[in-house]
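Reader: Could you walk me through this one? I'm still learning how to read these things.
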Amino acid sequence: MQKIVHIIGAGISGLAAAVRLANANYSVRLHEATQVAGGRCRSYFDAATNLTIDNGNHLLLSGNRAAVAYARAIGTEAGLVGPKRAQFPFVDLTTGQRWQLDLGDSRLPLWLFDEARRVPDTGLLDYLALLPLIWAGRSKLVGDAIRCEGTLYQRLVQPLLLAALNVDPPEGSAGLAGAVVRETLLAGGQACRPLIAREGLSAVLVEPAIKLLRDLGASIQFGHEVREFGMSGTSVGELKFGGDTVAIAPDDAVVMAVPPRPAASLLPGLKTPSKFRAIVNAHFRFDPPRDMPPITGVVGGTVEWLFAFPQRLSVTVSNADRLVELPREELAQTIWRDVCKAAGVQGELPPWQIVRERRATFEATPEQNALRPGASTAHKNLFLAGDWTDTGLPATIEGSVRSGARAADLVLARPQR
Ligand SMILES: Cc1cc2nc3c(=O)[nH]c(=O)nc-3n(C[C@H](O)[C@H](O)[C@H](O)COP(=O)(O)OP(=O)(O)OC[C@H]3O[C@@H](n4cnc5c(N)ncnc54)[C@H](O)[C@@H]3O)c2cc1C
(Lines give C-alpha, C1' and ligand atoms only; values in the text may rest on other atoms or scores of the structure.)
Protein backbone atom coordinates (compact mmCIF):
# COMPACT_ATOMS: atom_id res chain seq x y z
CA MET A 1 0.00 0.00 0.00
CA GLN A 2 1.14 3.54 -0.76
CA LYS A 3 2.41 5.42 2.29
CA ILE A 4 0.77 8.73 3.09
CA VAL A 5 2.47 12.00 3.98
CA HIS A 6 0.62 15.20 4.85
CA ILE A 7 2.53 18.36 4.05
CA ILE A 8 1.37 21.56 5.69
CA GLY A 9 2.33 24.68 3.74
CA ALA A 10 2.92 25.05 0.00
CA GLY A 11 5.88 27.41 0.15
CA ILE A 12 9.15 26.34 -1.44
CA SER A 13 10.12 24.13 1.52
CA GLY A 14 6.78 22.29 1.49
CA LEU A 15 6.89 21.92 -2.29
CA ALA A 16 10.47 20.61 -2.19
CA ALA A 17 9.49 18.00 0.39
CA ALA A 18 6.35 17.12 -1.56
CA VAL A 19 8.16 16.64 -4.87
CA ARG A 20 10.80 14.43 -3.28
CA LEU A 21 8.24 12.26 -1.51
CA ALA A 22 5.85 12.04 -4.47
CA ASN A 23 8.81 10.91 -6.60
CA ALA A 24 9.52 8.27 -3.93
CA ASN A 25 5.97 6.94 -4.46
CA TYR A 26 4.40 8.48 -1.37
CA SER A 27 0.80 9.56 -1.54
CA VAL A 28 1.21 13.29 -0.90
CA ARG A 29 -1.59 15.37 0.68
CA LEU A 30 -0.64 19.04 0.57
CA HIS A 31 -2.58 21.54 2.71
CA GLU A 32 -2.13 25.26 2.08
CA ALA A 33 -3.85 27.92 4.18
CA THR A 34 -4.11 30.53 1.42
CA GLN A 35 -5.58 30.26 -2.07
CA VAL A 36 -2.16 30.12 -3.79
CA ALA A 37 1.09 28.22 -3.53
CA GLY A 38 4.54 29.79 -3.20
CA GLY A 39 4.35 31.50 0.20
CA ARG A 40 6.99 34.22 0.30
CA CYS A 41 8.15 33.33 -3.21
CA ARG A 42 5.30 33.95 -5.61
CA SER A 43 4.02 36.06 -8.52
CA TYR A 44 0.72 37.83 -9.02
CA PHE A 45 -0.98 40.20 -11.42
CA ASP A 46 -0.62 43.80 -10.29
CA ALA A 47 -3.22 46.24 -11.56
CA ALA A 48 -1.13 49.37 -10.81
CA THR A 49 1.61 48.37 -13.26
CA ASN A 50 -0.62 46.12 -15.38
CA LEU A 51 2.09 43.47 -15.14
CA THR A 52 2.62 40.16 -13.40
CA ILE A 53 5.19 40.85 -10.71
CA ASP A 54 6.92 38.85 -8.02
CA ASN A 55 6.34 39.63 -4.35
CA GLY A 56 10.09 40.20 -4.23
CA ASN A 57 13.01 39.94 -6.61
CA HIS A 58 14.66 36.65 -5.81
CA LEU A 59 18.27 36.12 -6.71
CA LEU A 60 19.75 32.65 -6.81
CA LEU A 61 23.38 31.80 -7.45
CA SER A 62 24.56 28.86 -9.56
CA GLY A 63 26.14 27.43 -6.38
CA ASN A 64 22.67 27.07 -4.81
CA ARG A 65 22.85 23.41 -5.71
CA ALA A 66 19.68 22.28 -3.90
CA ALA A 67 17.59 25.05 -5.46
CA VAL A 68 18.93 24.28 -8.92
CA ALA A 69 18.31 20.54 -8.37
CA TYR A 70 14.73 21.34 -7.28
CA ALA A 71 14.19 23.34 -10.48
CA ARG A 72 15.61 20.41 -12.44
CA ALA A 73 13.28 18.00 -10.65
CA ILE A 74 10.24 20.05 -11.67
CA GLY A 75 11.57 20.54 -15.21
CA THR A 76 12.36 24.26 -15.07
CA GLU A 77 16.12 24.50 -14.64
CA ALA A 78 16.25 26.36 -17.97
CA GLY A 79 13.90 28.97 -16.49
CA LEU A 80 16.64 30.10 -14.12
CA VAL A 81 18.57 32.40 -16.41
CA GLY A 82 21.78 34.32 -15.98
CA PRO A 83 25.02 35.32 -17.67
CA LYS A 84 27.67 32.72 -18.57
CA ARG A 85 30.22 34.34 -16.31
CA ALA A 86 29.73 35.53 -12.75
CA GLN A 87 29.91 39.24 -13.47
CA PHE A 88 28.31 41.83 -11.23
CA PRO A 89 28.13 45.43 -12.42
CA PHE A 90 28.03 47.97 -9.58
CA VAL A 91 27.39 51.70 -9.38
CA ASP A 92 28.08 54.10 -6.53
CA LEU A 93 25.34 56.74 -6.54
CA THR A 94 27.34 59.19 -4.43
CA THR A 95 30.31 59.35 -6.82
CA GLY A 96 28.81 58.01 -10.06
CA GLN A 97 31.67 55.48 -10.24
CA ARG A 98 30.86 52.21 -12.01
CA TRP A 99 32.78 48.94 -11.86
CA GLN A 100 32.34 45.30 -12.59
CA LEU A 101 33.23 42.48 -10.25
CA ASP A 102 34.27 39.59 -12.48
CA LEU A 103 34.34 36.30 -10.58
CA GLY A 104 34.87 34.39 -13.86
CA ASP A 105 33.83 30.78 -14.37
CA SER A 106 36.37 28.79 -12.39
CA ARG A 107 35.80 26.42 -9.50
CA LEU A 108 38.51 28.27 -7.56
CA PRO A 109 38.47 31.91 -6.47
CA LEU A 110 41.18 32.80 -9.02
CA TRP A 111 39.63 36.22 -9.55
CA LEU A 112 41.17 37.30 -6.25
CA PHE A 113 44.60 37.27 -7.86
CA ASP A 114 43.66 39.50 -10.79
CA GLU A 115 43.53 43.19 -9.96
CA ALA A 116 41.32 43.95 -12.97
CA ARG A 117 38.63 41.55 -11.75
CA ARG A 118 38.64 42.58 -8.11
CA VAL A 119 36.70 45.48 -6.62
CA PRO A 120 38.58 48.67 -7.64
CA ASP A 121 41.04 50.03 -5.07
CA THR A 122 41.23 46.74 -3.15
CA GLY A 123 44.19 44.40 -2.68
CA LEU A 124 44.53 40.68 -1.97
CA LEU A 125 45.15 41.36 1.72
CA ASP A 126 41.72 42.99 2.05
CA TYR A 127 40.16 39.70 0.94
CA LEU A 128 42.37 37.59 3.21
CA ALA A 129 41.08 39.68 6.11
CA LEU A 130 37.66 38.07 5.50
CA LEU A 131 38.98 34.61 6.35
CA PRO A 132 37.89 34.72 10.03
CA LEU A 133 34.31 34.56 8.76
CA ILE A 134 34.98 31.12 7.33
CA TRP A 135 35.64 29.48 10.67
CA ALA A 136 33.57 31.79 12.89
CA GLY A 137 31.50 30.01 15.55
CA ARG A 138 27.72 30.28 15.74
CA SER A 139 27.66 32.81 18.56
CA LYS A 140 29.97 35.32 16.91
CA LEU A 141 28.86 38.57 15.29
CA VAL A 142 30.08 39.51 11.81
CA GLY A 143 31.26 42.78 13.38
CA ASP A 144 33.47 40.85 15.82
CA ALA A 145 34.91 38.59 13.13
CA ILE A 146 35.89 41.13 10.47
CA ARG A 147 36.41 44.87 10.12
CA CYS A 148 33.14 46.32 8.82
CA GLU A 149 34.61 49.37 7.10
CA GLY A 150 36.86 50.28 4.20
CA THR A 151 36.53 50.02 0.44
CA LEU A 152 36.06 46.25 0.13
CA TYR A 153 33.44 46.29 2.87
CA GLN A 154 31.47 49.18 1.34
CA ARG A 155 31.61 47.87 -2.20
CA LEU A 156 31.24 44.13 -1.82
CA VAL A 157 31.00 42.64 1.67
CA GLN A 158 28.24 44.94 2.87
CA PRO A 159 25.98 44.50 -0.22
CA LEU A 160 26.54 40.73 -0.30
CA LEU A 161 25.95 40.10 3.40
CA LEU A 162 23.07 42.55 3.65
CA ALA A 163 21.30 40.73 0.82
CA ALA A 164 22.06 37.30 2.29
CA LEU A 165 21.37 37.99 5.98
CA ASN A 166 18.74 40.76 5.71
CA VAL A 167 20.30 42.53 8.71
CA ASP A 168 22.96 45.22 8.94
CA PRO A 169 26.04 42.97 8.51
CA PRO A 170 27.92 43.90 11.73
CA GLU A 171 24.98 42.65 13.83
CA GLY A 172 24.59 39.50 11.72
CA SER A 173 25.62 35.96 12.56
CA ALA A 174 29.22 35.36 11.50
CA GLY A 175 28.44 31.63 11.29
CA LEU A 176 25.71 32.22 8.69
CA ALA A 177 27.82 34.81 6.85
CA GLY A 178 30.68 32.30 6.76
CA ALA A 179 28.42 29.69 5.18
CA VAL A 180 27.43 32.19 2.49
CA VAL A 181 31.04 33.17 1.76
CA ARG A 182 32.16 29.51 1.66
CA GLU A 183 29.42 28.55 -0.78
CA THR A 184 29.81 31.61 -3.03
CA LEU A 185 32.91 33.82 -3.12
CA LEU A 186 35.26 31.03 -2.02
CA ALA A 187 33.75 28.50 -4.41
CA GLY A 188 34.84 30.49 -7.46
CA GLY A 189 32.86 32.06 -10.27
CA GLN A 190 31.21 28.79 -11.20
CA ALA A 191 29.20 28.96 -7.96
CA CYS A 192 28.39 32.66 -8.26
CA ARG A 193 26.58 33.08 -11.57
CA PRO A 194 23.46 35.08 -10.78
CA LEU A 195 20.26 33.25 -11.72
CA ILE A 196 16.83 34.80 -12.01
CA ALA A 197 13.42 33.30 -12.68
CA ARG A 198 12.89 35.67 -15.58
CA GLU A 199 9.38 34.44 -16.39
CA GLY A 200 8.38 34.93 -12.75
CA LEU A 201 8.79 33.02 -9.50
CA SER A 202 5.47 31.21 -9.77
CA ALA A 203 5.98 30.20 -13.41
CA VAL A 204 9.44 28.80 -12.72
CA LEU A 205 9.47 27.58 -9.12
CA VAL A 206 5.89 27.03 -8.02
CA GLU A 207 3.28 26.17 -10.69
CA PRO A 208 5.38 23.45 -12.38
CA ALA A 209 5.81 21.78 -8.97
CA ILE A 210 2.04 21.85 -8.41
CA LYS A 211 1.48 20.37 -11.87
CA LEU A 212 4.06 17.64 -11.31
CA LEU A 213 2.54 16.78 -7.94
CA ARG A 214 -0.95 16.55 -9.46
CA ASP A 215 0.44 14.37 -12.29
CA LEU A 216 1.93 12.09 -9.63
CA GLY A 217 -1.48 11.81 -7.96
CA ALA A 218 -0.99 14.19 -5.03
CA SER A 219 -3.99 15.91 -3.50
CA ILE A 220 -3.57 19.65 -3.07
CA GLN A 221 -6.04 21.65 -1.03
CA PHE A 222 -5.99 25.43 -0.91
CA GLY A 223 -7.78 27.41 1.79
CA HIS A 224 -7.06 24.42 4.03
CA GLU A 225 -5.40 25.84 7.12
CA VAL A 226 -4.32 23.43 9.83
CA ARG A 227 -5.60 24.95 13.07
CA GLU A 228 -4.57 22.29 15.57
CA PHE A 229 -2.90 18.92 15.93
CA GLY A 230 -4.68 16.14 17.75
CA MET A 231 -2.01 14.07 19.51
CA SER A 232 -2.09 10.35 19.91
CA GLY A 233 0.64 9.28 22.33
CA THR A 234 3.93 10.49 20.90
CA SER A 235 2.54 10.93 17.39
CA VAL A 236 0.29 13.34 15.58
CA GLY A 237 -3.06 11.55 15.34
CA GLU A 238 -5.23 14.23 13.73
CA LEU A 239 -5.00 17.38 11.65
CA LYS A 240 -7.81 19.73 12.59
CA PHE A 241 -8.86 22.27 9.98
CA GLY A 242 -11.61 24.85 10.45
CA GLY A 243 -14.41 22.54 9.32
CA ASP A 244 -12.95 19.08 8.90
CA THR A 245 -10.54 16.77 10.71
CA VAL A 246 -8.19 14.31 9.05
CA ALA A 247 -7.08 11.21 10.92
CA ILE A 248 -3.40 10.34 10.73
CA ALA A 249 -2.62 6.62 10.85
CA PRO A 250 0.47 5.58 12.85
CA ASP A 251 2.45 4.95 9.65
CA ASP A 252 1.47 8.27 8.05
CA ALA A 253 3.92 11.13 8.32
CA VAL A 254 3.41 14.89 8.64
CA VAL A 255 5.80 17.58 7.41
CA MET A 256 5.05 21.00 8.87
CA ALA A 257 6.46 23.58 6.43
CA VAL A 258 4.89 26.78 7.77
CA PRO A 259 6.59 29.98 9.03
CA PRO A 260 7.76 30.22 12.67
CA ARG A 261 4.68 31.93 14.11
CA PRO A 262 2.07 29.41 12.94
CA ALA A 263 4.57 26.61 13.70
CA ALA A 264 4.87 27.78 17.32
CA SER A 265 1.12 28.04 17.73
CA LEU A 266 0.52 24.57 16.26
CA LEU A 267 3.24 23.05 18.41
CA PRO A 268 3.30 24.81 21.77
CA GLY A 269 6.76 24.76 23.34
CA LEU A 270 8.55 24.66 19.96
CA LYS A 271 11.57 26.94 19.97
CA THR A 272 11.54 29.21 16.90
CA PRO A 273 13.08 32.51 15.82
CA SER A 274 10.86 35.31 17.09
CA LYS A 275 12.29 38.40 15.40
CA PHE A 276 11.95 39.23 11.73
CA ARG A 277 13.09 41.85 9.23
CA ALA A 278 11.32 43.43 6.30
CA ILE A 279 12.28 43.53 2.62
CA VAL A 280 10.86 46.24 0.38
CA ASN A 281 10.56 45.83 -3.37
CA ALA A 282 9.61 48.53 -5.84
CA HIS A 283 8.46 47.75 -9.36
CA PHE A 284 8.29 50.36 -12.14
CA ARG A 285 6.63 49.82 -15.50
CA PHE A 286 9.49 51.05 -17.69
CA ASP A 287 11.37 49.46 -20.59
CA PRO A 288 14.96 48.93 -19.46
CA PRO A 289 17.67 50.35 -21.76
CA ARG A 290 18.65 47.67 -24.25
CA ASP A 291 22.19 47.20 -22.92
CA MET A 292 21.21 47.17 -19.27
CA PRO A 293 22.53 44.17 -17.31
CA PRO A 294 19.90 41.97 -15.62
CA ILE A 295 21.20 42.87 -12.14
CA THR A 296 23.14 45.90 -10.95
CA GLY A 297 24.50 46.32 -7.43
CA VAL A 298 23.87 49.84 -6.15
CA VAL A 299 25.71 51.48 -3.26
CA GLY A 300 25.33 54.93 -1.76
CA GLY A 301 21.52 55.19 -2.09
CA THR A 302 18.29 53.64 -0.85
CA VAL A 303 18.29 51.08 -3.65
CA GLU A 304 20.56 48.07 -3.17
CA TRP A 305 19.92 45.86 -6.19
CA LEU A 306 18.35 46.90 -9.47
CA PHE A 307 16.82 44.25 -11.71
CA ALA A 308 15.94 44.70 -15.40
CA PHE A 309 12.97 42.62 -16.54
CA PRO A 310 11.01 42.91 -19.78
CA GLN A 311 8.91 46.14 -19.44
CA ARG A 312 9.95 46.56 -15.81
CA LEU A 313 12.68 47.95 -13.59
CA SER A 314 12.59 46.47 -10.15
CA VAL A 315 14.40 47.21 -6.93
CA THR A 316 15.21 45.39 -3.69
CA VAL A 317 15.92 47.02 -0.34
CA SER A 318 16.82 44.62 2.47
CA ASN A 319 16.73 45.16 6.24
CA ALA A 320 13.98 47.61 5.37
CA ASP A 321 12.03 48.06 8.61
CA ARG A 322 12.87 51.78 8.42
CA LEU A 323 10.93 52.05 5.13
CA VAL A 324 7.84 50.10 6.05
CA GLU A 325 5.89 52.99 7.59
CA LEU A 326 6.92 55.65 5.02
CA PRO A 327 4.15 56.98 2.76
CA ARG A 328 4.16 54.79 -0.34
CA GLU A 329 4.22 57.66 -2.87
CA GLU A 330 7.21 59.27 -1.14
CA LEU A 331 9.05 55.95 -1.11
CA ALA A 332 8.29 55.36 -4.79
CA GLN A 333 9.64 58.84 -5.66
CA THR A 334 12.84 58.33 -3.62
CA ILE A 335 13.49 54.93 -5.14
CA TRP A 336 12.69 56.12 -8.67
CA ARG A 337 15.32 58.89 -8.35
CA ASP A 338 17.91 56.24 -7.43
CA VAL A 339 16.75 54.04 -10.32
CA CYS A 340 17.16 56.89 -12.81
CA LYS A 341 20.75 57.48 -11.69
CA ALA A 342 21.66 53.79 -11.57
CA ALA A 343 20.06 52.86 -14.90
CA GLY A 344 20.99 56.12 -16.63
CA VAL A 345 17.38 56.86 -17.54
CA GLN A 346 15.13 59.89 -17.10
CA GLY A 347 11.45 60.56 -16.78
CA GLU A 348 8.51 61.17 -14.51
CA LEU A 349 7.55 58.46 -12.06
CA PRO A 350 6.07 55.67 -14.24
CA PRO A 351 3.30 53.31 -13.01
CA TRP A 352 4.71 51.68 -9.87
CA GLN A 353 4.04 49.25 -7.10
CA ILE A 354 5.69 48.93 -3.71
CA VAL A 355 5.62 45.52 -2.00
CA ARG A 356 6.51 45.54 1.68
CA GLU A 357 7.07 42.10 3.16
CA ARG A 358 7.23 42.90 6.86
CA ARG A 359 8.34 39.48 8.03
CA ALA A 360 10.40 38.61 4.97
CA THR A 361 13.01 36.63 6.90
CA PHE A 362 13.94 35.80 10.46
CA GLU A 363 16.60 38.09 11.88
CA ALA A 364 19.92 36.43 11.01
CA THR A 365 21.63 37.37 14.28
CA PRO A 366 23.46 34.83 16.49
CA GLU A 367 20.67 35.16 19.07
CA GLN A 368 17.91 34.26 16.60
CA ASN A 369 20.02 31.68 14.79
CA ALA A 370 20.32 29.82 18.10
CA LEU A 371 16.51 29.45 18.21
CA ARG A 372 16.27 27.40 15.00
CA PRO A 373 15.12 23.82 15.56
CA GLY A 374 16.23 20.80 13.55
CA ALA A 375 13.83 18.80 11.38
CA SER A 376 12.94 16.09 13.93
CA THR A 377 10.46 16.73 16.72
CA ALA A 378 9.43 14.96 19.91
CA HIS A 379 6.56 13.50 17.88
CA LYS A 380 7.59 10.41 15.98
CA ASN A 381 5.72 11.16 12.77
CA LEU A 382 6.13 14.95 12.66
CA PHE A 383 8.99 16.68 10.84
CA LEU A 384 9.77 20.34 10.32
CA ALA A 385 10.78 22.24 7.19
CA GLY A 386 11.15 25.93 6.41
CA ASP A 387 13.87 28.48 5.81
CA TRP A 388 13.86 29.25 9.55
CA THR A 389 14.72 25.71 10.64
CA ASP A 390 18.35 24.96 11.36
CA THR A 391 19.72 24.69 7.83
CA GLY A 392 23.05 26.40 8.53
CA LEU A 393 22.07 29.02 5.95
CA PRO A 394 20.20 32.32 6.20
CA ALA A 395 16.54 32.43 5.11
CA THR A 396 16.85 31.74 1.40
CA ILE A 397 15.34 29.57 -1.30
CA GLU A 398 18.41 27.36 -1.01
CA GLY A 399 17.80 26.91 2.71
CA SER A 400 14.09 26.24 2.12
CA VAL A 401 14.77 23.56 -0.47
CA ARG A 402 17.41 21.91 1.72
CA SER A 403 15.04 21.94 4.68
CA GLY A 404 12.28 20.32 2.59
CA ALA A 405 14.66 17.70 1.26
CA ARG A 406 15.95 16.95 4.78
CA ALA A 407 12.43 16.55 6.18
CA ALA A 408 11.57 14.27 3.24
CA ASP A 409 14.68 12.17 3.88
CA LEU A 410 13.66 11.74 7.51
CA VAL A 411 10.21 10.60 6.38
CA LEU A 412 11.82 8.12 3.98
CA ALA A 413 14.15 6.85 6.71
CA ARG A 414 11.33 6.06 9.16
CA PRO A 415 11.28 2.47 10.27
CA GLN A 416 8.09 0.81 9.03
CA ARG A 417 6.00 -1.32 11.34
C1 LIG B 1 10.70 40.08 -0.50
C2 LIG B 1 11.54 38.84 -0.37
C3 LIG B 1 12.71 38.74 -1.09
C4 LIG B 1 13.50 37.59 -0.98
N5 LIG B 1 14.61 37.48 -1.74
C6 LIG B 1 15.28 36.31 -1.76
C7 LIG B 1 16.37 36.13 -2.66
O8 LIG B 1 16.74 37.04 -3.41
N9 LIG B 1 16.98 34.91 -2.69
C10 LIG B 1 16.60 33.89 -1.88
O11 LIG B 1 17.16 32.80 -1.98
N12 LIG B 1 15.59 34.05 -0.99
C13 LIG B 1 14.92 35.22 -0.91
N14 LIG B 1 13.87 35.38 -0.05
C15 LIG B 1 13.57 34.30 0.91
C16 LIG B 1 12.68 33.21 0.32
O17 LIG B 1 11.55 33.77 -0.30
C18 LIG B 1 12.21 32.32 1.47
O19 LIG B 1 13.34 31.81 2.14
C20 LIG B 1 11.34 31.14 1.02
O21 LIG B 1 10.37 31.53 0.08
C22 LIG B 1 10.67 30.56 2.25
O23 LIG B 1 9.94 29.39 1.91
P24 LIG B 1 9.30 28.50 3.04
O25 LIG B 1 8.61 27.37 2.38
O26 LIG B 1 10.32 28.20 4.06
O27 LIG B 1 8.22 29.44 3.78
P28 LIG B 1 6.94 30.23 3.22
O29 LIG B 1 7.21 30.73 1.86
O30 LIG B 1 6.59 31.22 4.26
O31 LIG B 1 5.81 29.13 3.09
C32 LIG B 1 5.00 28.71 4.16
C33 LIG B 1 3.61 28.36 3.64
O34 LIG B 1 2.83 27.82 4.71
C35 LIG B 1 1.50 28.32 4.61
N36 LIG B 1 0.88 28.18 5.92
C37 LIG B 1 1.10 28.92 7.04
N38 LIG B 1 0.37 28.46 8.06
C39 LIG B 1 -0.33 27.39 7.60
C40 LIG B 1 -1.27 26.48 8.19
N41 LIG B 1 -1.59 26.55 9.49
N42 LIG B 1 -1.83 25.51 7.42
C43 LIG B 1 -1.48 25.40 6.11
N44 LIG B 1 -0.60 26.25 5.49
C45 LIG B 1 -0.03 27.21 6.24
C46 LIG B 1 1.73 29.76 4.14
O47 LIG B 1 0.54 30.30 3.61
C48 LIG B 1 2.84 29.58 3.12
O49 LIG B 1 2.34 29.30 1.83
C50 LIG B 1 13.10 36.53 -0.11
C51 LIG B 1 11.92 36.65 0.63
C52 LIG B 1 11.14 37.79 0.51
C53 LIG B 1 9.88 37.90 1.30
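Reader: Let's begin with Asn319: is that residue buried or exposed?

Author: Asn319 has a relative accessible area of 17%, and because buried means under 20%, Asn319 counts as buried. Please keep in mind throughout that this is a predicted model.

Reader: Okay, and where does Asn319 lie?

Author: Asn319 lies in a loop, the one that runs between strand E18 (312-317) and helix H9 (321-324). Its phi is near 45 degrees, which is a positive value in a residue other than glycine.

Reader: Why point out the sign of phi?

Author: The sign is worth a remark because most residues other than glycine have a negative phi.

Reader: What about Asp121, what is phi there?

Author: For Asp121 phi is near 65 degrees, again a positive value in a residue that is not glycine. Asp121 is placed in the loop between strand E8 (98-102) and H3.

Reader: And is Asp121 buried or exposed?

Author: Asp121 counts as exposed, since its relative accessibility is 63% and the cut-off for exposed is over 50%.

Reader: You mentioned H3. Which residue of the nonpolar surface patch lies in that helix?

Author: Leu128 lies in helix H3, which covers residues 124-128. Leu128 belongs to a nonpolar patch on the surface together with Leu125, Leu131 and Trp135, and the four have about 460 Å² of accessible area together.

Reader: So how accessible is Leu128 on its own?

Author: Its relative accessibility is 44%, so Leu128 counts as partly exposed.

Reader: Switching to helices: how many residues does H10 have?

Author: Helix H10 (residues 328-343) has 16 residues, and from its first C-alpha to its last it reaches 22 Å, which is close to the 22 Å expected at 1.5 Å a residue.

Reader: Which residues of H10 are buried?

Author: The buried residues in H10 include Leu331, Ile335, Trp336 and Val339, and Asp338 and Cys340 are also among them. Just after H10 comes Gly344, which takes a positive phi of about 70 degrees.

Reader: Last topic, the sheet with E12: in what order do its strands come?

Author: The order is E11-E12-E13, three strands that form an open sheet with antiparallel pairing. Strand E11 (228-232) and strand E13 (245-247) are the edge strands, each pairing on one side only, and the twist averages 30 degrees from one strand to the next.

Reader: Over how many bridges do E12 and E13 pair?

Author: Strand E12 (residues 235-240) pairs with E13 over three bridges, in the antiparallel sense, and Glu238 stands opposite Ala247 in E13.

Technical notes: Residues numbered from 1 in each chain as written. Predicted model: local features only at pLDDT ≥ 70, side-chain atom pairs only at ≥ 80, totals over all residues. Heavy atoms only, no water. Pairing = 2+ DSSP bridges. Helix = DSSP H or I, 4+ residues; strand = E, 2+ residues; numbered from the N terminus. Axes fitted to C-alpha atoms, helices over the stretch in contact; angles between N-to-C directions. Patch = residues over 30% accessible without salt bridge, like charges linked within 9 Å, V, L, I, M, F, W, Y side chains within 5 Å. Areas by Shrake-Rupley, 256 points an atom, 1.4 Å probe, with all protein chains shown as cover. Salt bridge = Lys/Arg side-chain N within 4 Å of Asp/Glu carboxyl O. Buried < 20%, exposed > 50% of the residue type's maximum accessible area, 1.4 Å probe, protein only. Expected span 1.5 Å × (residues − 1).
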